[in-house]
Every structure is written in C-alpha cells, then in structure tokens.
Amino acid sequence: KNDIIRLTDLFVKDGSNSDTLCSATLKKILADIVTAQNKSINEKTLLAQRILFYIRENATKIEDNTDVAKELGYHHIYLGEILKSQTGKTIHKVVIEEKLRVASRMLIYTNSSIEEIAEVSGFSSRSRFCTVFKSHFGTTPLSYRNMRAVRSI
C-alpha cells in the first residue's frame with residue numbers, strides 16, 4: 001500500500017529523478033506480487049503433497065472427504081479445490097485409486113478371499129468393491145488375480 005502511494009506521488013511530480021524512482025518503485029511492486037504468488041503456489045503444492053501422503057497412508061480407513069479434512073485441519077471443500085488444482089483429481093478419486101492399488105496387490109500377492117480383500121482395502125461391501133474394481137481395471141477381481149498369476153509363472 002505504501003509503495004503504491006509512493007508510486008502515485010512520484011508519478012505526478014516533475015523532475016529528473018521522478019521517472020527513475022517511479023520505475024524502480026513499480027518494479028518493486030511487481031516483484032512483491034510475483035513473490036507473493038510464488039509463495040501461495042508453493043504452499044498449495046505442499047498442502048497437496050500432505051493430502052496425498054495422508055491418503056496413501058490411510059486410504060483403507062477413509063470413508064469420505066471429511067475424514068481427510070478433519071485430520072489435516074481444513075474444510076473438505078478447500079482441500080478438494082487444492083488437490084484438484086494441483087493434480088487434476090478429486091480427493092474421492094485419489095482415495096479410490098489408493099484402495100484399488102492396495103486391493104490389486106493383495107489379489108496378486110495373497111490368497112485372501114475377495115471378501116477379505118474388499119474389507120481390508122476399505123470398501124463397504126464385496127459388491128461395491130467388485131463394481132469399482134471392474135470399472136477401473138476393466139475386469140473382475142478374480143479374473144485380474146487369475147490373469148496376473150498366469151503372467152507371473
């Protein structure tokens with residue numbers, strides 16, 4: 001604010017130094033704006049990383065976006081906007097992808113039943129798990145397991 005007042009004062013003054021001082025003050029104002037924007041971008045990037053880390057560590061326990069928001073101390077809509085702007089994905093989509101990552105690894109590396117995998121990976125039911133899994137991978141969990149088992153031999 002003080003720099004803008006100074007800039008306007010310098011702009012209306014006549015004198016050999018006023019143009020130089022006006023230019024320097026304007027450059028300072030622009031540099032301050034860029035610095036503030038970069039700080040804001042960095043803070044958003046760091047917050048998005050915190051969101052992703054929390055989801056990665058806790059996806060199987062997360063029921064909805066408010067769980068993430070409560071843990072990180074922000075409103076769920078704000079966190080959703082931050083994550084979407086930084087990654088292009090919603091919190092819900094990232095949580096589902098992480099749950100599916102856990103489930104797919106369990107399908108490949110364990111003999112757990114589909115019901116057990118659905119429960120451990122955080123889905124509300126076997127049918128919900130199978131529906132989401134098929135829409136993401138294009139195949140059922142059992143077919144996925146069988147296909148991966150054949151490839152790993």
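Buried means under 20% relative accessible area. By that cut-off, Phe-133 and Tyr-144 are both buried in this predicted model. The protein has eight helices and zero strands. Read along the sequence, its pattern is α-α-α-α-α-α-α-α. Of its 153 residues, 30% count as buried. Among contacts between residues at least 6 apart in sequence, 47% join residues at least 24 apart.

**Nonpolar cores**

- The largest nonpolar core has 16 residues, and Ile-51, Ile-55, Val-68, Leu-79 and Ile-91 touch the most other members.
- Four helices each supply at least two residues of this core: H2 (16–58), H3 (65–72), H4 (76–87) and H5 (91–109).
- The largest share comes from H2, with five residues.
- Leaving aside neighbours within four places in sequence, Ile-51 is in contact with Val-68, Leu-72, Leu-79, Ile-82 and Leu-83.
- A second core is separate from this one and holds 14 residues, including Met-106, Leu-107, Ala-118 and Phe-133.
- As a general point, nonpolar side chains in soluble globular proteins tend to be buried together.

**Helix H5: Val-95 and Glu-98**

- Val-95 is found in helix H5.
- Its relative accessible area is 6%, so Val-95 is buried.
- Val-95 touches Ile-55, Ala-59 and Ile-62, not counting residues up to four places away in sequence.
- Val-95 and Ala-59 are 36 residues apart in sequence, yet their C-alpha atoms are 5.5 Å apart in space.
- Glu-98 also has its place in helix H5.
- Glu-98 is a charged residue, and with a relative accessible area of 9% Glu-98 is buried.
- Beyond residues up to four places away in sequence, Glu-98 touches Ile-55, Arg-56 and Ala-59.
- Ile-55 and Ala-59 are thus touched by Val-95 and by Glu-98.

**Largest pocket**

- The largest pocket encloses about 190 Å³ of space.
- Its lining begins, in sequence order, with Ile-62, Glu-63, Asp-64 and Asn-65.
- The lining also includes His-92, Val-95, Ile-96 and Lys-99.
- Gly-122, Phe-123, Ser-124 and Arg-128 line the pocket as well.
- H5 gives the most to this lining, with four residues.
- By type, the lining divides into four nonpolar, four polar and four charged residues.

**Phe-123, a lining residue in a loop**

- Phe-123 is found in the loop between helix H6 (114–120) and H7.
- At 9% relative accessibility, Phe-123 counts as buried.
- Phe-123 touches Ile-96, Lys-99, Leu-100, Ala-118, Arg-128, Phe-129 and Val-132, not counting residues up to four places away in sequence.
- Of these contacts, Ile-96, Lys-99 and Arg-128 also line the largest pocket.
- Phe-123 and Glu-63 are 60 residues apart along the chain, and their C-alpha atoms are separated by 8.6 Å.
- Both Phe-123 and Glu-63 belong to the pocket lining.

**Aromatic pairs**

- A search of the whole structure finds six aromatic pairs.
- Phe-133 and Tyr-144 form an edge-to-face pair, 5.2 Å centre to centre with 80° between the planes.
- Phe-133 lies in helix H7 (residues 126–137) and Tyr-144 in helix H8 (residues 141–152), so the pair ties together parts that are 11 residues apart in sequence.
- Phe-137 and Tyr-144 form a tilted pair, with 5.0 Å between centres and 50° between planes.
- The two partners of the tilted pair differ in exposure: Phe-137 counts as partly exposed at 30% relative accessibility, whereas Tyr-144 is buried at 5% relative accessible area.
- Ring pairs link Phe-123, Phe-129, Phe-133, Phe-137 and Tyr-144 into a cluster.
- Within that cluster, Phe-123 is also a pocket-lining residue, and Phe-133 is also a member of the second core.

Key:
Residues numbered from 1 in each chain as written. Predicted model: local features only at pLDDT ≥ 70, side-chain atom pairs only at ≥ 80, totals over all residues. Heavy atoms only, no water. Core = buried A, V, L, I, M, F, W, Y, C linked by side-chain atoms within 4.5 Å. Buried < 20%, exposed > 50% of the residue type's maximum accessible area, 1.4 Å probe, protein only. Contact = heavy atoms within 4.5 Å. 1 Å grid on protein atoms, 1.4 Å probe; cavity = no way out; pocket = protein on both sides within 12 Å on 5 of 7 lines; lining within 4 Å. Points joined across faces, edges and corners; volume = space filled by probe spheres on them. Phe/Tyr/Trp six-rings, centres within 6.5 Å; stacked < 30°, edge-to-face > 60°.
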